[in-house]
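Colleague: I'd like a close look at one part of this model: the pairing of charged side chains, plus whatever sits around it. Please take me through it slowly, as I'm coming from the bench.

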Amino acid sequence: MSDISFVRTEMLPPKDPPASEVGVVGWARANLFSGWFNSILTVVSLYFVIKILIGLIGWAWVPTWSATSLPECRVIFEELGRSGHNAGACWGVIAERWPQLLFGFYPNGYEEGTADLRWRPVLAFVLLFVALAPVLFSDKVPAKLIYFTAVYPFLMPWLLWGGTVWTPVSAALGFVLGYVVYKALAQSTSELIGLIVGVVAAFVWWLFVASLFSSALASVVPLALESVESRQFGGFMLSITIGVVAIGLSLPIGIVLALGRQSDLLIVKTLCVGFIEFIRGVPLITLLFVASTLLNIFMPPGTNFDIIMRVFIMVTLFASAYMAEVIRGGLAALPKGQYEGADSLGLNYWQAQRLIIMPQALKISIPGIVSTFIGVFKDTTLVSVIGLFDPLNLTNAIRADADWNGLVWELYGFIALLFFVFCFGMSRYSMYLERKLQTGHR
């Protein structure tokens with residue numbers, strides 16, 4: 001008897017989707033040509049984008065890298081049949097002055113009797129990526145590399161400023177002393193008392209003992225690099241140095257401020273709220289003026305407080321206030337059940353924050369934290385108002401040379417490109433970290 005049922009007895013293999021729905025064509029139909037209005041906007045936008053790109057490429061694609069002055073660039077333009085103010089880009093200024101834009105006035109060996117020390121900032125920033133590797137890519141690098149990360153904050157200033165090696169060693173010993181005192185008292189008394197006494201012990205070491213200790217060792221074992229003054233710092237080296245210090249210090253300080261703002265202790269909460277609101281209500285440029293002109297007034301007579309150190313302090317405090325609000329938003333986004341779960345496990349306040357609350361709050365706050373980092377890095381250009389030669393201030397010094405007087409777009413374009421590379425890299429890492437930690441809610 002033949003089977004006349006209408007029920008299929010075997011599954012058909014799946015068919016490939018239509019070519020117009022996948023790939024570049026499918027993406028374009030869904031995003032650029034999904035309707036008549038979007039199609040018109042796409043065509044008009046493409047027209048202007050292509051027109052701008054043609055003009056930009058025509059302006060930039062000129063063989064002027066070997067030129068040694070603006071008049072020589074103009075001769076090249078005339079040979080190419082170009083004329084006018086926008087005849088082309090004079091890239092000779094970048095070919096000649098890029099070391100100055102990167103290193104400022106750091107000793108370069110050009111002057112008689114001086115050595116080229118630019119290998120030191122290059123080495124410092126190469127080692128920076130090595131030190132950041134266990135923090136940024138903890139699952140892809142050896143775990144023991146974290147010890148170098150702990151050493152790097154003391155190694156970097158020694159490479160940049162030079163001097164005796166015992167100065168960073170004595171600074172590191174202050175942290176070791178504070179930690180030893182904290183652990184000893186935390187076991188016998190309480191963690192709070194141990195923390196307070198440990199911090200006091202570290203400050204006493206730094207203020208009264210560290211300089212004597214380093215001087216004594218330097219007289220016995222004179223290991224030192226040639227000293228470099230802060231006024232010789234400049235260019236992107238200065239911007240990266242300020243940015244790295246401010247970013248590295250603002251995150252832990254911001255965490256402490258965020259926790260203090262949510263504290264039940266009235267004095268702690270009042271101090272944290274007052275600090276955050278005051279710093280966020282004052283422009284950074286004002287704080288830099290204070291650091292440049294007024295800070296020395298409050299110091300003991302004869303104190304020579306390094307200008308870059310003052311900038312470090314003010315930029316770090318400014319970034320910390322904004323970081324505290326970003327982290328406070330992450331803490332507020334956590335459901336109350338997380339706090340109750342920590343209490344049910346019998347964890348004390350610091351254990352709950354370290355193991356349960358703060359990791360989740362930081363995961364939620366990743367976009368805001370990275371945005372603050374990017375803003376701090378770009379704000380380093382404001383130090384030009386207090387006389388430091390950041391990349392933007394160096395353009396004024398370069399254009400003061402008669403050979404390059406009148407050039408603007410080439411210098412600013414080169415600086416913008418370098419800033420874009422750093423900031424884009426930070427934003428892409430933020431997206432990678434969000435995907436890795438699955439920050440979004442499902």
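Modeller: Let's settle some words before we start: a residue is called buried under 20% relative accessible area, exposed over 50%, and partly exposed in between. Keep in mind that this is a predicted model.

The structure holds nine salt bridges. The general idea is simple: side chains of opposite charge can pair when their charged atoms come close. Let's warm up with the pair Arg-231 and Glu-229, where the closest N and O atoms sit 2.5 Å apart. Arg-231 counts as exposed because its relative accessibility is 63%. Glu-229, at 44%, is partly exposed.

Now for the part I'd really zoom in on, around Arg-261. One of its salt bridges goes to Glu-277, with 3.0 Å between the closest N and O atoms. That pair links distant parts of the chain: Arg-261 belongs to helix 9 (residues 235-261) and Glu-277 to helix 10 (residues 266-280), and the two are 16 residues apart. How covered are the two ends? Glu-277 has a relative accessible area of 36%, so it is partly exposed. Arg-261 has a relative accessibility of 15%, so it counts as buried.

Arg-261 also forms a salt bridge with Glu-325, and here the closest N and O atoms are 2.9 Å apart. Glu-325 is in helix 12 (residues 307-333) while Arg-261 is in helix 9, so this bridge ties together parts that are 64 residues apart in sequence. Both Arg-261 and Glu-325 are buried. Follow the shared partners and you get one network of salt bridges, made up of Arg-261, Glu-277, Arg-280, Glu-325 and Arg-328.

Helix 9 and helix 12 turn up again when you look at helix 15. The buried residues of helix 15 pack against helix 9 and helix 12, and also against helix 14 (349-364) and helix 17 (409-437). Those buried residues are Ile-366, Ile-369, Val-370, Thr-372, Phe-373, Ile-374, Val-376 and Phe-377. If you like a sanity check, helix 15 (residues 366-379) has 14 residues and should span 20 Å at 1.5 Å a residue; its end C-alpha atoms are 20 Å apart, which agrees.

For a contrast with all that charge, click over to helix 8 (residues 191-220), where you'll find Val-199. Val-199 is part of a nonpolar surface patch of about 1100 Å², whose members include Leu-192, Leu-195, Ile-196, Phe-203 and Phe-208. Val-199 counts as partly exposed because its relative accessibility is 39%. Leu-195 from that patch is also among the residues in contact with Tyr-182, along with Glu-191, Gly-194 and Gly-198, leaving aside sequence neighbours within four places. Tyr-182 itself is in helix 7 (residues 166-188), and its relative accessible area of 23% makes it partly exposed.

One last stop is Thr-164, in strand 1 (residues 163-164). Its side chain reaches the backbone nitrogen of Trp-166 at 3.2 Å. Thr-164 counts as buried because its relative accessibility is 19%. Not counting residues up to four places away in sequence, Thr-164 touches Trp-158, Ala-218, Leu-223 and Ala-224.

Note on methods
Residues numbered from 1 in each chain as written. Predicted model: local features only at pLDDT ≥ 70, side-chain atom pairs only at ≥ 80, totals over all residues. Heavy atoms only, no water. Patch = residues over 30% accessible without salt bridge, like charges linked within 9 Å, V, L, I, M, F, W, Y side chains within 5 Å. Areas by Shrake-Rupley, 256 points an atom, 1.4 Å probe, with all protein chains shown as cover. Salt bridge = Lys/Arg side-chain N within 4 Å of Asp/Glu carboxyl O. Helix = DSSP H or I, 4+ residues; strand = E, 2+ residues; numbered from the N terminus. Buried < 20%, exposed > 50% of the residue type's maximum accessible area, 1.4 Å probe, protein only. Polar contact = N/O pair within 3.5 Å; in protein donor to acceptor, adjacent residues only side chain to side chain. Contact = heavy atoms within 4.5 Å. Expected span 1.5 Å × (residues − 1).
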